[in-house]
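Colleague: Could you take a close look at one part of this model for me? I would like to hear how that part sits in its chain, and then a little about the surroundings.

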Amino acid sequence: MSNRLRALYLGLATATTMITPAFAVDLTVICRCVVGGVNSETATWIKESVIPGFTAAMKAEGKDVTVSLNEFGGKDEQMTQQLALDFSTGAGADVAAFDGFLIPSFVEGGLLKPLDEVAGPAVDSWEGWKHISDGAKSLMSYGGKAYGLALGTDVRAIFVRKELLKSAGLDPDSFQPKSWAELLDAARAIKKANPDSFPLQLNAGVNMGEATTMQGYYMAILGTGESVVDENGKYIVSSQGILDTLNLYKTIYVDEQLGDQRAQLLGDGRNRTFTNFRDGKTALLVEGDWFFNSVMAPGAEFGLDNRDAEVTWASMPAQEPGKGYRGQDYVTVSGGTGFVLNPATKNPAEAWALLSYMNSQQSLTAFQGYREARRIRDDVATPNNVYLQKTQESLLPLTTARPNDPNYNKVSAEIQRMTESVVSGEASPADAMAAYKAAVIAIVGEANTVSKL
Amino acid sequence: MKKKNFSLLSHRAGAAFLAPAAALVGVFVLLPFFWVIVVSFTNRTLLGKTALNPEFVGLANYFQLFDPATFFTRGQFGFSLILTTQFVLLSALVGQALLGLLLAWLMQTIPPALKRIVETAVIAAWILPEVVIGFAWFAFLDYDNGTLNMILRGLGLPAGDFLLQQPFWVIVIFNTWRGAAFSMMLFNSAFASIPPSYFQAADVAGASSWQKFRDIGLPLIRGHVVTDLILSTMWTFNVFTPFILTNGGPSYRTELLSIYNYRIAFREFDFGKGAAVGVIIMLINLVFALIYLSFGRKKAKAVEE
């Protein structure tokens, strides 16, 4: 190669490396969302609304940004696994979907950094903060610092297939059990009228992951007047409430077969419960907003074309009236999922620009067109959705949240294990609770636990 | 007889050629090996406070694994260890080796064309990738849409919920099916190495097939039998594919040691305890490997003499 040619090559190479960063930035977003699959509306929203809108906005500022969406099709737990391993090696998407309850353990493990530490002062001057309440901010915060932005928050309730209730002579429109006994009686009546059905679904088992703790265990234990932790934040490891909760599971899945035991034990169990509800085999299913507005949305995989006519909902009753958490008659629990910034992102400014664009008023309003939900911004209206509006009044004031504690997700895994050993019929409630106690003490230390028996 | 050393290259040149390979082995095998041992003495995790500031905990992880209070509890180390031992005994020793031996012996008597067809079928089960096989078996045994249950229902028989009701026997049969091909091939070539005149002489004397097997076949392939037993034991001990069938469940009933190790280290992110399990698995494998090597050495010595 002649010297002149070599110089030319060198010059070209230098020029390209200097030009590229100024003009082209590649960003990746990952979420557990697949067009036509799980969270289809989120994927569609990002692809049809966020990405074109954001690249256009960036172009207007003279920046050439390309955004690609990584559609993760696995389970929640596998997504957590992926993110933990990605973040620990400095790899992964720039903006990642994230469940708020995992933030403490990720932060303590050094896998997440506060938004302003990642992206600088642009974060603090964002216009959106004044439209987000402190409560909504705390969904993705830890130690007073924001690590991400929640897309919205939710509540949990019992979803009801009307025609199954009617088949047992119950009136779906006035259906509201006032105690566990009434709930079980309704399930028994439906089972009697439809012996092949599994009328009641209260999530249990390891395979459903956090959905077991949130939609199943929490909804029951709150009804006993207790929670996972006591008022001092200590984990309750032995109590009458835990025993009553486990006995409720035993009644549903072991003693009376009111629920689909196999669905609690199999790897794809949660989807099986959705199928049961869609196919009219399950009449009463305890789930969150997401189930109503995404899973069951007309046209979705487990959708019901006539959802609003075929499905209604009821509040989850306490064990007995007035015996619930804080003396309530009905109980519910809330969580929040949203998006975080990868602390190792190579383009923090653009990544924040994307995250804040996703959470702009315009963008979240557009999202309501794909999936209706409670958004965290006060300038994005809750849509004209009867379910959301009614539960906003009835359940939102009653709600509570999971402990914002780095050990919570490990304890939660033990809760899932405890329920599984009961619903599979392998352990008595007392034995399962004893195993839970030993496991939780091993995780948090005896000083951070409390035994009430 | 003393072996004579001769060399194509000088020692220095030989070392130079070996260096790149040695460096790779060092970085990707030896270093992680010692790193795992170091981590097993700490409480390192991926999430939570001990991710950034792991503490040296001495043998605490090992004591925890062997804690007599929980040792035999399902989902604990001891349960997995015992389960894995049963799995090896039933699926590797009884299943793979015995079935392979039987197949290989029967193959000696059938016409060559048929023999080739059987060989192809058995080897096909062996060369397919693990994941493909795993999903094929899952699809075969599934309760709602599985092929086996469709056949059973078609015949008017009750369907079986095999993956939930009999998960241990499912993975035993699966692993037997999977590994019998290797044993069969090994024994097949071992039998082929026996001079046919031995069997012809036995035929003239009017020996039955069982007598030929007991008095001629088996004694002459004894060395191959030991090799086969050790290799299939090691493979079965470390196998992970049953995870695709049962996820280690239901309720840890099929949680082999390899699956237990994966759960502790990469689903619960408890690196310290996971590393301790890894170290124990390595030690067990080391014992197998030493037996295998010492046997190989004995055989080599016998050949030299």
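Modeller: Happy to! Helix H14 of chain B, spanning residues 257-267, is mostly covered, with eight of its eleven residues buried. Keep in mind that this is a predicted model. A residue is called buried here when 20 or more other C-beta atoms lie within 10 Å of its own. In H14(B), the residues that reach that cut-off begin with a run from the start of the helix: B:Leu257, B:Ser258, B:Ile259, B:Tyr260 and B:Asn261. B:Arg263, B:Ile264 and B:Ala265 complete the buried set. Just past the end of H14(B) there is a backbone detail you may like to check: B:Phe269 has a positive phi, about 60 degrees.

Now for the chain around this helix. Of the 305 residues in chain B, 30% are buried. Chain B has 15 helices and zero strands, and its C-alpha atoms occupy a box of roughly 75 × 75 × 35 Å along the principal axes. Among the contacts in chain B with a separation of 6 or more, 69% join residues 24 or more positions apart.

Finally, a word on the partner chain. Chain B meets chain A through 16 residues of its own, which are in contact with 18 residues of chain A. On the chain A side, helices H3 (76-88), H4 (103-108), H11 (261-265) and H18 (408-423) each supply at least two of the touching residues. By type, that side of chain A comprises five nonpolar, nine polar and four charged residues.

Note on methods. Residues are numbered from 1 along each chain as its sequence is written. Chains are lettered from A and ligands numbered from 1 in the order in which they are written. This is a predicted model: local features need pLDDT of at least 70, side-chain atom pairs count only at pLDDT 80 or more; totals for chains, interfaces and linings use all residues. Helices (H or I, at least four residues) and strands (E, at least two) are DSSP runs, numbered from the N terminus. A residue is buried if 20 or more other C-beta atoms lie within 10 Å of its own, exposed if 12 or fewer, and partly exposed in between; C-beta atoms are placed from the backbone. Two residues are in contact if their C-beta atoms, placed from the backbone, lie within 7 Å. Ala, Val, Leu, Ile, Met, Phe, Trp, Tyr, Cys and Pro count as nonpolar, Asp, Glu, Lys and Arg as charged, and the others, Gly among them, as polar.
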